Amino acid sequence: MTLPFIVKPGEKISLSGVDKDCNPELIPDYTAAYRKKGETKKPLKKLNKRLLKLQELLYAESERALLIILQGMDTCGKDGTIRKVMAGINVQGCDVVNFKVPSVDEISRDFLWRAHRVVPRKGKIGIFNRSHYEDVLVVRVHDLVPESIWKKRYQQINDFERMLAENGTIILKFFLHISKDEQKERLESRINDPTKHWKITEADIRERSYWDDYMQAYETVLHRCSTDWAPWYIIPANKKWYRNLVITERIVETLENLDMKYPKPNSDVSTLYVD
Ligand code: ADP
């Protein structure tokens, strides 16, 4: 299978030219029959079921961990992705971590400290809803530290992720790519729906005016930090159903490729009996 969404190490990306909608040609082979919204429910359910099995195997084997990093502009659908992609998995085997404005405790240490202390243990899936990449995104866009500091962070992130990978953590990074128009619609729908008011703040509107700066910051991230050991995927995310399908596929495929095995029993099971 081809991997049309993966950023090759060192590849230069111009995000304005990358698809944000559903491109039928980019639908992976075996889901090619499912090109419209309603038709993806079945294949997604099938993938969710497979993911549950693979998660169990990951847990049983406990040799490796899976770290999934989700990044994107406000309203890009990080929360919805977690809900739909992880639908049906065993919650005991999965931890979600939200990266907010750093606390005093966190800001007083190196920027990777708070990420390192919450990486998933072997056997588990960890999801970062935002991540250490904020330290070269929001921090860069708003000049929160001098350029001489954030510039060094791309290499530091690559080194950190390589260390994690060499110690058994599989890393997948998804940039949920939406258009500025799509964000406008999603923000407006939050404003117009009282049940969604809790999801919107003035800061979301303010950040929107920095759209181009964020795109530039993301382009650098994708160029500098997509590596063989921790690749970035650009996920067209204007259509939620397409986003969910593609991401779940990537995760399932990655776990399948690990060729995991159930561990050998500690005792000779054939001699066991139950009264
Ligand atoms: P979300 O938008 O992810 O649903 P919030 O609305 O609570 O969650 O936003 C979290 C905020 O924390 C974002 O604006 C994000 O840019 C900010 N943030 C995360 N990490 C950092 C960081 N290292 N430095 C400054 N701000 C950060």
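**Exercise 1. Which element gives the largest share of the lining of the largest cavity?**

Solution.
Start with the ground rules. This is a predicted model, where local features need pLDDT of at least 70, side-chain atom pairs count only at pLDDT 80 or more, and totals for chains, interfaces and linings use all residues. Residues are numbered from 1 along each chain as its sequence is written, and side-chain values use heavy atoms, without hydrogens and water.

Step 1. Define the space. On a 1 Å grid over the protein atoms alone, a cavity is a set of points where a 1.4 Å probe fits but cannot get out; lining residues have an atom within 4 Å of a point.
Step 2. Count. There is one cavity of 30 Å³ or more. The largest cavity holds about 30 Å³. Volume here is the space filled by probe spheres set on the points, with grid points joined across faces, edges and corners.
Step 3. List the lining: I68, L70, T81, I82, V85, M86, I127, I247 and I251.
Step 4. Assign elements. β1 (65–72), α2 (78–85) and α11 each give two or more residues. Helices (H or I, at least four residues) and strands (E, at least two) are DSSP runs, numbered from the N terminus.
Result: α2, with three residues.

**Exercise 2. Sort the lining of the largest cavity by class.**

Solution.
Step 1. Set the classes. Ala, Val, Leu, Ile, Met, Phe, Trp, Tyr, Cys and Pro are nonpolar; Asp, Glu, Lys and Arg are charged; the others, Gly among them, are polar.
Step 2. Sort. Eight residues are nonpolar, one is polar and none is charged.

**Exercise 3. Describe the surroundings of the ligand.**

Solution.
Step 1. Find the shell. It has 13 residues (a heavy atom within 4 Å). The closest are K78, K100, R114, R130 and E134.
Step 2. Sort the shell. Seven residues are charged, six are nonpolar and none is polar.
Step 3. Check polar contacts (pairs of N or O atoms within 3.5 Å). A polar side-chain atom of K100 is 2.8 Å from a ligand oxygen. For the side chain of E134, the distance from an N or O atom to a ligand oxygen is 2.9 Å. For K78, it is 3.0 Å.
Step 4. Take the area. Alone, the ligand exposes 570 Å², and the protein buries 74% of that (Shrake-Rupley method, 1.4 Å probe).

**Exercise 4. Which element gives the most to the lining of the second largest pocket?**

Solution.
Step 1. Define it. A pocket is an open set with protein on both sides within 12 Å along at least five of seven lines.
Step 2. Size it. The second largest pocket has a volume of about 230 Å³. Its lining has 16 residues, and I170, L172, P231, Y233 and T254 are the closest to its centre.
Step 3. Compare elements. β4 (169–177) and α11 (240–256) each supply at least two residues.
Result: β4 gives the most, with four.
Step 4. Sort the lining. Nine residues are nonpolar, four polar and three charged.

Note on methods: Polar contact = N/O pair within 3.5 Å; in protein donor to acceptor, adjacent residues only side chain to side chain.
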